[in-house]
Amino acid sequence: MKTQVGKMVDLFEGNGSNYAAYRPAYPKELGEALSQLCSRHQTALDVGCGTGQLTSLLSKHFTSVIGTDTSKSQLEFAQTADNIRYLNEPAEQTSLENASVDLIVVAQAAHWFNLEAFYQEVKRIASPDAVIALISYGVPYIEASVNSVFQQRYWQQVHKYWPDERKHVENGYIELAFPFEEIDFPETFIHKEMNFDEFIGYIRTWSAYKKAQELQETAIFNSFFEQLEKSWGDKARNYQVTWPISVRVGKVINY
């Protein structure tokens, strides 16, 4: 039987280039808001960092930023900077020193973790009054009439291919255990201009799409794509795509 780590590696290994090309970037306001919550800005850790979208953002606000992921493919395409270091290791057992991290973030990945073990690791590596943030972005909204087709077909045709853990993304992680002193966080959104091929490229990064591939049932996705194309109009035309960001953030207080 596969562990959660094994399941996560299977879903995301070999998809690093597509992630780097098609996944939306987090807004700079997110990095700024997270930074402002921290009393120290020496080291930030991005756990389950993927191709480093948030890692790169945090590098503007911290002396040193570390990104960790279990997928070598994701890390091969990760964004780089002089103060970023990437490590191929699990969330629940890092090589970081005790009390060494001022900000710990998990973006679009916490639902894959063994949270009890991860939170124990957080408490070990957190510096005094460190901040932890679980970040997710939900179902996108296309700022055009094609959105009605996308939403209807998404929920009726392809939603069933998401792993069970995906429900936590769609409800903003509200049902996940979070044993920290929670802090209010401003409402934030991701906005990205995308043409038709870029949007389909993004959909093909979904773990739901990979699951359909494994089941040899991609015909359902192909029908989904055809319906979107008919409604999109000129495939080269850009529409703004918006993702709502959910953030659960808190202070790591070790007594």
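**Exercise 1. Check the length of helix H7.**
Compare the expected span of the 13 residues of H7 with the distance between its end C-alpha atoms.

*Solution.* Helices here are DSSP runs of H or I with at least four residues, and strands are E runs of at least two, both numbered from the N terminus. The expected span is 1.5 Å times one less than the number of residues. For H7 that gives 18 Å, and the end C-alpha atoms lie 17 Å apart, which agrees.

The model is predicted: local features need pLDDT of at least 70, side-chain atom pairs count only at pLDDT 80 or more, and totals for chains, interfaces and linings use all residues. Residues are numbered from 1 along each chain as its sequence is written, and side-chain values use heavy atoms, without hydrogens and water.

**Exercise 2. Describe the packing of H7 on H11.**
State how H7 (residues 146–158) and H11 (residues 219–232) are arranged, and which residues meet.

*Solution.* Step one: take the axes, lines fitted to C-alpha atoms over the stretch in contact, with angles from 0 to 180 degrees between N-to-C directions. The two axes come within 9 Å and cross at roughly 170°. Step two: classify. Angles over 145 degrees count as roughly antiparallel, so H7 and H11 are roughly antiparallel. Step three: list contacts (heavy atoms within 4.5 Å). H7 supplies Val146, Val149, Phe150, Arg153, Tyr154, Gln157 and Val158. H11 supplies Ile220, Phe221, Ser223, Phe224, Gln227, Leu228, Ser231 and Trp232. Step four: sort by class. The contact has ten nonpolar, four polar and one charged residues.

**Exercise 3. Find what covers H7.**
Which residues of H7 are buried, and what covers them?

*Solution.* Buried means under 20% relative accessible area (1.4 Å probe, protein chains only). Val146, Asn147, Val149, Phe150, Gln151, Tyr154, Gln157 and Val158 qualify. Their cover includes strand S6, helices H8, H9 and H10, H11 and strand S9.

**Exercise 4. Locate the largest nonpolar core.**
How many residues does the core have, and which have the most contacts inside it?

*Solution.* A nonpolar core joins buried Ala, Val, Leu, Ile, Met, Phe, Trp, Tyr and Cys residues through side-chain atoms within 4.5 Å. The largest has 51 residues, and Ile135, Ile203, Trp206 and Phe221 have the most contacts inside it. Strand S9 (residues 239–252) gives the largest share, six residues. Apart from this core lies another, of 28 residues, including Val47 and Phe180.

**Exercise 5. Place tyrosine 86.**
Is tyrosine 86 buried or partly exposed?

*Solution.* Tyrosine 86 is found in strand S3 (residues 84–88). Its relative accessibility is 21%, so tyrosine 86 counts as partly exposed. Leaving out residues up to four places away in sequence, its contacts include Cys49, Thr55 and Leu75.

How values were computed:
Angles under 35 degrees count as roughly parallel, over 145 as roughly antiparallel, 65 to 115 as roughly perpendicular and the rest as oblique. Ala, Val, Leu, Ile, Met, Phe, Trp, Tyr, Cys and Pro count as nonpolar, Asp, Glu, Lys and Arg as charged, and the others, Gly among them, as polar. Buried means under 20% relative accessible area, exposed over 50%, partly exposed in between (1.4 Å probe, protein chains only).
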